[in-house]
Amino acid sequence: MAKEQLQVLNALDVAKTQWYHFTAIIIAGMGFFTDAYDLFCVSLVTKLLGRIYYHHDGALKPGTLPPNVAAAVNGVAFCGTLAGQLFFGWLGDKLGRKKVYGMTLMLMVICSVASGLSFSDKPASVMATLCFFRFWLGFGIGGDYPLSATIMSEYANKKTRGAFIAAVFAMQGFGILAGGMVAIIVAAAFKSAYPTPAYQDAPILSTPPQADFVWRIIVMFGALPAALTYYWRMKMPETARYTALVAKNAKQAASDMSKVLQVEIESESNTIIANNNSTTTTDFGLFSKKFLHRHGLHLLGTTSTWFLLDIAFYSQNLFQKDIFTGIGWIPAPKTMNALEEVYKIARAQTLIALCSTVPGYWFTVFFIDKIGRFAIQLMGFFFMTVFMFALAIPYDHWTHKENRIGFVIMYSLTFFFANFGPNATTFVVPAEIFPARLRSTCHGISAAAGKAGAMIGAFGFLYASQPKDPTKRDAGYPAGIGIRNSLIVLGCINALGVVFTFLVPESKGRSLEEMSKENEDDDDSNEVEMKGNEFRTVPV
C-alpha cells in the first residue's frame, strides 16, 4: 500500500507560484552565473597568457601556452568541479542542503579573487598559482550543482518545477555572456589607453606591460555576483522535504515553509513520519540491491547522457576561438596586438552567447513543463548531431570567406539546441527522480560524470583539433586529426546521446515522491513494475 503523504509536501506540490520562488531562483542562479563566468572566462585569456609569459624572440607567431600548461589551465577547474560535485553532493544529504550551501559560495568568492593573484612574475609561478586556485574554485563550483538543483526542486510545486530548476541553470547563459562583455570592456579600455602595433610589425611592443592586468581583472570579476548573494543564501531555510523526510521533523518543515511561502500549513505529528518510515523499504542505500532495482537504470541514464553531452558542449565552448580562427572569422594572431586579440575573441564569443546560448536556455524554461524533459532532450541531441555533421562533412566549403557567416549560424544552432535540449535537461532530471535522502548524492554523481566528459572535451579536443600541417599547428603540439574530423567525432558522440536518452524517465507533472517511489511499500512493487514504461520514457 502507498504510505500517507505528509501535508507539508502536498502543500508544496500544489502551492501557487509566489515571489519567494523567484527569489530562490535568483539566489541559487547567481551561483551558476558565477560558475559559468569562471569556467568559461579562462578561454578568453589563454591566448593573452601565451603572449605575455611564453614569448620567444624571433618567432613568426605570438607566444602560446605549451600543450601541458594549456591543458592544465583549461582543465584543472573541471577536476576540482568533479571532486566538489561528489563531495558536496554526499555532504548535502548527510548534513542538509542549507548547512553546506554557504560553504560552496564562499569557496567560489575566495578562489575567484585568488586566481588573479600570483606570487611572482615568473611563468611557472603564475601558472601554478592560477591552476591551484582554479582547482579549488572548481571544487566550490562543483558543490553548487547538486545543492542548487536539489534545493530548487524541493521548494518548487510539481506544475512548474521543471521551469524553476531550468531557470536556475539558465543563469549560466548570462554568466557566459557576462564573461564576454567584461572582457570586451576591459580589453577596449586598455587598448584605448595603451595603443600598440600588431605583432608582425613589432613583436615585443605588441604586448604592453599593462596587459598583465587585463587577464587578472577578467578572472577576478567572477567573485562579485557570488559575494552579493551570500547573505540571502544564508537566510534560506532548510528545504521542507529534507527536514520532513530525512531529518524526520514535520513540525519544523511546516513552520519553515509557512514563513517563506506565506501559506498556512497544518503541522503534523512526527509520529506520522515514524509510521511512514517504520519499515525498511525506504531505508535502502546507494549501493543496495533495492536501489539498483528501482533506480539503477535511471542513474545510468542521467550519468551517460550528461557525460556524452559535456564532451561536445565544453569542447565547443572552450575552443570557439580556435574554430573561429580556423575559418578566418578572427584574423591571424600575428596581424593583431595582444589586446586586440582578446577583444575580437570576446566579441565573437559574446555574439554566439547572445544569439544562441542564452535564448536556448530560456526556450527550455518556457517549454519544459509543456512538452516534457524527455522530448526536449531527445530533440536537442538529434539536432546537435545534425548540425555537427552539417558543419563537419562540407568543412572546406565553410572556410571560404563568402561562407563564413553561414558557418557561424550553423555553429550557433548547435549551441541553441544544446541549451534548448540536453544541457538543461541533464541538470533538471537528476534532481527529480531520486529519493530525498539520496537526491543530492545522485545529482552529484550524474554531474560528476558530466565533468568527466568535459575533461575529455577540454583535454582531448585541444590535441585532436590540431592540423596535420606543422606550419598551421600551435607550437609544441603533435599532429591531430584537425577541426573537421574532430567535429565528426563530436557528432557521433551526440548521436550516442540520443540512444541513452531512452533510459531517462519523464517527470513532467509528477511529485518528487511519486518519481522516487518514496511512498510505496514492497506490496506496491509489482504494481509499480507493471507501469515501468511510463517511468522510463515519455508517455505516448
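Phe139 is buried in this predicted model. Its relative accessibility is 15%, which falls under the 20% limit for burial. Phe87 has a relative accessible area of 36% and is therefore partly exposed, since that class spans the range between 20% and 50%.

The structure contains 34 aromatic pairs. One of them joins Phe87 and Phe139 in a stacked arrangement. The ring centres of Phe87 and Phe139 are 5.8 Å apart, and the planes meet at 25°. The pair is stacked because planes under 30 degrees apart fall in that class. Distant parts of the chain are linked by this pair. Phe87 belongs to helix α3 (residues 67-95), whereas Phe139 belongs to helix α5 (residues 123-155). The two residues are 52 residues apart.

At the level of the whole chain, the secondary structure consists of 24 helices and zero strands. The chain has 540 residues, of which 61% count as buried. Contacts with a separation of 6 or more were also examined. Of these, 83% involve residues 24 or more positions apart. The accessible surface amounts to about 20400 Å². Carbon and sulfur atoms contribute 68% of that surface.

The interior was then resolved into nonpolar cores. The largest nonpolar core comprises 135 residues. Within this core, Met127, Tyr145, Trp215 and Ile218 touch the most other members. The contacts of Met127 beyond four places in sequence include Leu49, Tyr53 and Tyr54. Leu65, Val69 and Val73 are also touched by Met127. A second core is separate and has 11 residues. Among its members are Phe284, Phe291, Ile433 and Cys442.

Nonpolar side chains also appear at the surface. Phe363, Phe366, Phe367 and Ile371 form a nonpolar surface patch. Together these residues expose about 370 Å² of accessible area. Phe367 lies in helix α15, which covers residues 338-371. The relative accessibility of Phe367 is 33%, so this residue counts as partly exposed. This value also lies over the 30% needed for patch membership.

Phe363 and Phe367 recur in an aromatic cluster. The other members of the cluster are Phe382, Phe383, Phe387, Phe416, Phe417 and Phe420. Phe367 thus takes part in both the surface patch and the aromatic cluster.

Methods: Residues numbered from 1 in each chain as written. Predicted model: local features only at pLDDT ≥ 70, side-chain atom pairs only at ≥ 80, totals over all residues. Heavy atoms only, no water. Core = buried A, V, L, I, M, F, W, Y, C linked by side-chain atoms within 4.5 Å. Buried < 20%, exposed > 50% of the residue type's maximum accessible area, 1.4 Å probe, protein only. Contact = heavy atoms within 4.5 Å. Patch = residues over 30% accessible without salt bridge, like charges linked within 9 Å, V, L, I, M, F, W, Y side chains within 5 Å. Areas by Shrake-Rupley, 256 points an atom, 1.4 Å probe, with all protein chains shown as cover. Salt bridge = Lys/Arg side-chain N within 4 Å of Asp/Glu carboxyl O. Helix = DSSP H or I, 4+ residues; strand = E, 2+ residues; numbered from the N terminus. Phe/Tyr/Trp six-rings, centres within 6.5 Å; stacked < 30°, edge-to-face > 60°.
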